[in-house]
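Pull up the model and keep the sequence beside it. We'll go through cysteines, charges and a few backbone oddities, one stop at a time.

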Amino acid sequence: MAILEIVKSPSTLLTQRCKEVEKFDEKLAKLLDDMYDTMLDADGVGLAAPQVGELVRVAIVDMGEGNDVIEMVNPVVTAIGGSVVEIEGCLSFPGLYGEVERPFYVKVEAQERDGSLYELEAEDYEARAILHEIDHLDGVLFDSKISRIVDPEEFEEVDEEGEIE
């Protein structure tokens, strides 16, 4: 496994729509493993392939202890519901945080690393993280959705894992 370099804004790699994955092979498995290690090393919750320079529809989300890592290959949002505004950040925008409105609920169809199809439903912060990463695959960056920039000093509480509460 390797720690990959995270692509930072304003790189044009981040604004391109990614291509569908067609080969479910060792190269894909290595990419997913390296992305996971990179995300952990950077203390992130999610990471999309373009953030490590690969323009393929691959993203991961890890909500922490007690939760399985979500690996999404060729994800498609099939349903959304509700709306909530929360603070977001992004590994490709170090130090930038802002209020972003996103659906409270999401339903996604995606593929596993072996190509098998699965369906996922998520709510609240997990839905937010999933949608943030899927946006990356479409070349949509969170800074374009910020309604108000938030100074880190405004954070009322940060839990033990460094997550904004």
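A disulfide here is a pair of cysteine sulfur atoms within 2.5 Å. By that rule, the structure has zero disulfides. Take C18, which is in no disulfide: its nearest cysteine sulfur belongs to C90 and sits 13 Å away. Seen from the other end, C90 has its closest cysteine sulfur in C18, and 13 Å is too far for a bond.

Before going on, some housekeeping: this is a predicted model, where local features need pLDDT of at least 70 and side-chain atom pairs count only at pLDDT 80 or more, while totals for chains, interfaces and linings use all residues. Residues are numbered from 1 along each chain as its sequence is written, and side-chain values use heavy atoms, with hydrogens and water left out.

Are the two cysteines buried or exposed? For the labels, buried means under 20% relative accessible area, exposed means over 50%, and partly exposed is in between (1.4 Å probe, protein chains only). C18 counts as buried because its relative accessibility is 6%. C90 is buried as well, with a relative accessible area of 12%.

Now for the charges. Side chains of opposite charge can pair when their charged atoms come close. The cut-off used for a salt bridge is a side-chain nitrogen of Lys or Arg within 4 Å of a carboxyl oxygen of Asp or Glu. Searching the whole structure with it turns up eleven salt bridges.

One of them pairs D138 with R17, at 2.3 Å from N to O. That pair links distant parts of the chain, 121 residues apart: D138 is in the loop between α2 and β8 (146–149), and R17 is in the segment before α1 (26–41). The helix and strand names come from DSSP runs, numbered from the N terminus: helices are H or I with at least four residues, strands are E with at least two. How do the two partners sit with respect to solvent cover? D138 is partly exposed, with a relative accessible area of 28%, while R17 counts as exposed at 57% relative accessibility.

Next, look within helix α1, where K30 and D34 are four residues apart, so about one helical turn separates them. They form a salt bridge, and their closest N and O atoms are 2.6 Å apart. The burial labels split here: K30 is partly exposed at 46%, whereas D34 is buried at 5%.

The side chains of D135 and K145 also meet in a salt bridge, at 2.9 Å from N to O. D135 lies in helix α2 and K145 in the loop between α2 and β8, so the pair ties together parts that are ten residues apart in sequence. D135 is buried, with a relative accessible area of 13%, and K145 is partly exposed, with 33%. Zoom out a little and you'll find both in a network of salt bridges that also links E88, R102 and R128.

Some charges belong to a patch instead. Patches are made of residues with over 30% relative accessible area and no salt bridge, with like charges joined within 9 Å and nonpolar side chains (Val, Leu, Ile, Met, Phe, Trp, Tyr) joined within 5 Å. Which residues form the negative surface patch? They are E86, E121, E123 and D124. Of these, D124 lies in helix α2 (residues 124–137), and at 38% relative accessibility it counts as partly exposed.

D124 is also worth a look for its backbone: its phi is positive, at about 55°, although it is not a glycine. N74 has a positive phi too, near 55°, and is likewise a residue other than glycine. You'll find N74 in strand β3 (residues 70–81), where it counts as buried because its relative accessibility is 7%.

Last stop: the segment before α1. P10 has its place there, and a cis peptide bond joins S9 to P10, with omega at about 20°. A2 is found in this segment too, and is partly exposed, with a relative accessible area of 26%. Follow A2 across to M35: the two are 33 residues apart along the chain, yet their C-alpha atoms are separated by 8.2 Å.

Terms used: Accessible areas come from the Shrake-Rupley method with a 1.4 Å probe; for residues, only the protein chains shown count as cover. Lys and Arg count as positive and Asp and Glu as negative; His and the chain ends are not counted. The place of a charge is taken as NZ of Lys, CZ of Arg, CG of Asp or CD of Glu.
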